[in-house]
Amino acid sequence: MLEQVRCAAVRLESEMANGRIVPAKVTPEEIRSHLARYDFTEPVALEEACADVEWMLRNWHVQVTHPRYFGLFNPSVTHASIIADTLVAMYNPQLASWRTSPAANEIERHTLAWLGSKFGFPADASATFTTGGAEGNLSAVVVALTRAYPEYGEHGLRRLPSTPAIYLTGEAHHSFNKIAHMTGLGRRALRTVVTDSNLRMDVEDLARQVAEDRKNGFAPLMLVGTAGTTAAGAIDPLPDLARFCRSENLWFHVDAAWGGAAILSPELRDHLVGIEAADSITCDAHKWFSVPMGAGMFFCRHAEAVAAAFHAETSYMPGKTDGPVRDPYTNSTQWSRRFIGLKLFLALAHHGESGYAQMIDHQTHMGNFLRNSLECAGWRIVNSTPLPLVCFTRDGLDTAAFLAALHERQIAWMSEVRLNGGPQVLRACITSFRTTESDIEWVVEEMNRLL
Ligand SMILES: Cc1ncc(COP(=O)(O)O)c(C=O)c1O
């Protein structure tokens with residue numbers, strides 16, 4: 001099985017390297033009419049259905065694992081992690097409780113404890129795999145509210161003595177808007193803190209807003225520092241934010257959904273200093289750890305608060321197992337759950353920490369190479385980050401038209417973004433450990449030909 005999955009992955013990689021990155025234009029009607037053959041009245045041979053699904057995925061799909069996909073943190077995936085996901089589907093372990101899948105639970109615990117210690121978290125911290133970064137961020141807000149207001153769980157926000165507020169920059173991930181909505185805090189509970197010229201949080205503005213909120217009867221609850229913002233890869237000044245949270249008694253959450261993997265790189269990890277002081281961290285394995293979708297992580301140093309936030313008891317679930325065991329369904333937002341952590345475990349076991357550091361450093365070097373090549377070719381870089389994410393433009397550029405031509409000619413996949421309310425610029429993020437200098441040289445040459 002292992003060899004078959006590996007061969008299929010290798011075949012796809014080599015075919016893809018010479019194929020399309022961006023699908024031909026397709027309409028929902030075309031896809032729906034193609035799918036009409038599946039009315040499910042008669043069985044279809046599995047080989048036939050699989051071949052058809054692969055055809056659809058090849059033709060109607062942005063190929064995010066292509067070495068010239070410079071996109072939205074969707075990575076190329078390691079063979080070990082593909083094999084892991086196949087094994088999980090085969091065995092289908094139920095991760096809700098420890099008793100039903102002791103091995104899977106311990107594999108996850110082991111992997112998370114290792115990574116948590118890299119972030120400087122204590123051994124007794126809580127850590128769970130999530131569906132992604134949005135769930136990690138949601139978990140952080142629910143746990144912070146539960147810890148600050150024990151009555152929140154039973155009575156909801158209406159019993160709180162004052163209205164909580166959350167501080168973040170306009171560059172923080174927009175999942176917090178939905179989270180403020182879903183938790184009942186309301187989107188207006190979010191306070192947008194000003195950023196400096198490098199899109200990092202301005203601590204003076206933060207202090208001013210917190211003081212003003214206190215004066216006006218609001219209850220500052222949480223500060224979100226981002227380590228690798230989605231648009232521009234900015235890293236907020238984590239040590240300053242940690243100090244501020246300590247002095248103001250705020251929950252310090254670090255959203256390191258993408259940038260967290262830098263903790264494994266000796267070249268980059270200093271940029272994450274301050275993360276060890278966080279109350280909670282979001283970090284996604286399905287971003288820079290190069291494993292397939294559906295693998296986020298939530299770390300929290302207050303295990304008792306996590307258990308209080310997500311506690312549940314029913315007669316139909318197995319009782320808690322004696323010993324140092326935390327059932328996932330009583331320590332996370334999820335109930336029945338896939339064995340998410342195996343893909344990270346197997347990839348770490350296969351590549352080792354040094355292999356991971358190499359993959360991350362390689363992508364960082366490719367980011368630097370792209371930045372320099374663009375500058376030499378007359379482009380203007382408009383963001384500043386040590387991470388491999390480059391935002392750039394040039395005078396008079398129509399970004400939408402330029403991107404359309406770039407995609408049409410299959411040169412690369414990139415996106416456009418607006419930083420700090422400015423004009424649209426191009427955004428290119430190295431997300432594949434297979435991207436090479438010659439890929440980048442070719443892309444920059446072809447881009448200049450398009451002008
Ligand atoms: C900084 C940051 N936080 C959170 C998220 C949300 O993660 P997910 O899409 O895995 O839910 C993203 C997604 O790109 C992100 O960039």
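**Exercise 1. Place Arg-208 and Asp-205 in the helix they share, then describe their contact.**

Step 1: Both residues sit in helix α9 (residues 203–215), three residues apart, about one turn of the helix. Helices here are DSSP runs (H or I, at least four residues), strands likewise (E, at least two), numbered from the N terminus.

Step 2: Their side chains form a salt bridge at 2.8 Å, N to O; the term requires a side-chain nitrogen of Lys or Arg within 4 Å of a carboxyl oxygen of Asp or Glu.

Step 3: Asp-205 is buried at 9% relative accessible area, while Arg-208 is partly exposed at 44%. The classes are buried under 20%, exposed over 50% and partly exposed in between (1.4 Å probe, protein chains only).

A word on the model: it is predicted, with local features needing pLDDT of at least 70 and side-chain atom pairs 80 or more, while totals for chains, interfaces and linings use all residues. Numbering starts from 1 along each chain as its sequence is written, and side-chain values use heavy atoms, without hydrogens and water.

**Exercise 2. Work out which parts the salt bridge between Asp-395 and Arg-380 ties together.**

Step 1: The closest N and O atoms of this pair are 2.9 Å apart.

Step 2: Asp-395 belongs to the loop between β9 and α13 (399–408) and Arg-380 to strand β8, so the bridge ties together parts 15 residues apart in sequence.

Step 3: Asp-395 is exposed at 68%; Arg-380 is partly exposed at 42%.

**Exercise 3. Do the same for Glu-353 and Lys-118.**

Step 1: Their side chains meet in a salt bridge of 3.2 Å, N to O.

Step 2: Glu-353 lies in helix α12 and Lys-118 in helix α5 (residues 102–118), so this pair joins parts 235 residues apart in sequence.
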